[in-house]
Amino acid sequence: MHSKEKLEKMIYLITYDLNSPDKDYNKLYDEIKSIGEWHHPLESIWYVVSDELVDNIAKRIKDEMDANDFLFVVDISRQPRQGWLPKPTWEWLRVHDQ
């Protein structure tokens, strides 16, 4: 599959460790928001709905990070999940995981 091909819409979990306390990460947050419809329930976790490939999403985000930051992006669509999160987060996931 060519890297610019698109898939059906998926829910991606994006999480990171940002290790440059003096860096302005607003461009990073704007890039995540530009990927698709998003929800930001915890400080370093985002859910984003997109038809982009996971590799493309990771590259877009990493381009806005420092070399010493860490990033993990994974498709969580239609997967069993369990945890203790705010009720609006569970509602967002339910609505977008149809």
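A residue counts as buried under 20% relative accessible area, as exposed over 50%, and as partly exposed in between. R78 has a relative accessible area of 43%, so R78 is partly exposed. The model is predicted, and every value here is computed from it.

Start with the charged pairs. The count of salt bridges comes to 7. One of them involves R78, whose side chain meets that of E8 at 3.3 Å, N to O. E8 sits in the segment before β1 (10–17), and R78 in the loop between β4 (70–75) and α3 (87–96). The two are 70 residues apart in sequence, so the bridge ties together parts distant along the chain.

The loop that holds R78 also holds R81. The side chain of R81 meets that of D97 in a salt bridge of 2.8 Å, N to O. This pair, too, links distant parts of the chain: D97 lies in the segment after α3, 16 residues from R81. What is the accessibility of each partner? R81 is partly exposed, because its relative accessibility is 31%. D97 stands at 16%, so D97 counts as buried.

A further bridge lies within α3 itself. R94 and E91 meet through their side chains at 2.8 Å, N to O. They are 3 residues apart in helix α3, which means a separation of about one helical turn. Both ends are partly exposed: R94 has a relative accessible area of 48%, and E91 has 34%. Elsewhere, salt bridges with shared partners join E31, E52 and R60 into one network.

Now turn to the nonpolar interior. In soluble globular proteins, nonpolar side chains tend to be buried together. Here the largest nonpolar core has 14 residues. Which of them touch the most other members? They are I14, I32, I57 and I61. Four elements each supply at least two residues of this core: β1, α1 (26–35), β3 (45–50) and α2 (54–62). The largest share, 4 residues, comes from β1.

Take I57 as a viewpoint. Leaving aside neighbours within four places in sequence, I57 is in contact with Y12, I14, I35, S50, E52 and V73. E52 therefore appears twice in this picture: in contact with I57, and as a member of the salt-bridge network with E31 and R60. Apart from the largest core lies another, of 8 residues. Its members include I11, Y47, I76 and W92.

The loop between α2 and β4 comes last. D66 lies there, and so does D69. D66 has a relative accessible area of 24%, so D66 is partly exposed. Beyond residues up to four places away in sequence, D66 touches S20, K23 and Y25. D66 and P80 are 14 residues apart in sequence, yet 33 Å apart in space, C-alpha to C-alpha.

D69 is buried but has no salt bridge. Which side chain of opposite charge is nearest to D69? It is K62, 5.9 Å away. A salt bridge needs the nitrogen within 4 Å of the carboxyl oxygen, so this pair does not qualify. D69 has other polar partners. Its side chain reaches the backbone nitrogen of N19 at 2.6 Å. A polar contact of 2.9 Å joins the side chains of D69 and Y25. Not counting residues up to four places away in sequence, D69 touches D17, L18, N19, S20, Y25 and K62. S20 and Y25 are also touched by D66.

Key:
Residues numbered from 1 in each chain as written. Predicted model: local features only at pLDDT ≥ 70, side-chain atom pairs only at ≥ 80, totals over all residues. Heavy atoms only, no water. Buried < 20%, exposed > 50% of the residue type's maximum accessible area, 1.4 Å probe, protein only. Core = buried A, V, L, I, M, F, W, Y, C linked by side-chain atoms within 4.5 Å. Contact = heavy atoms within 4.5 Å. Lys, Arg positive; Asp, Glu negative; His and termini not counted. Polar contact = N/O pair within 3.5 Å; in protein donor to acceptor, adjacent residues only side chain to side chain.
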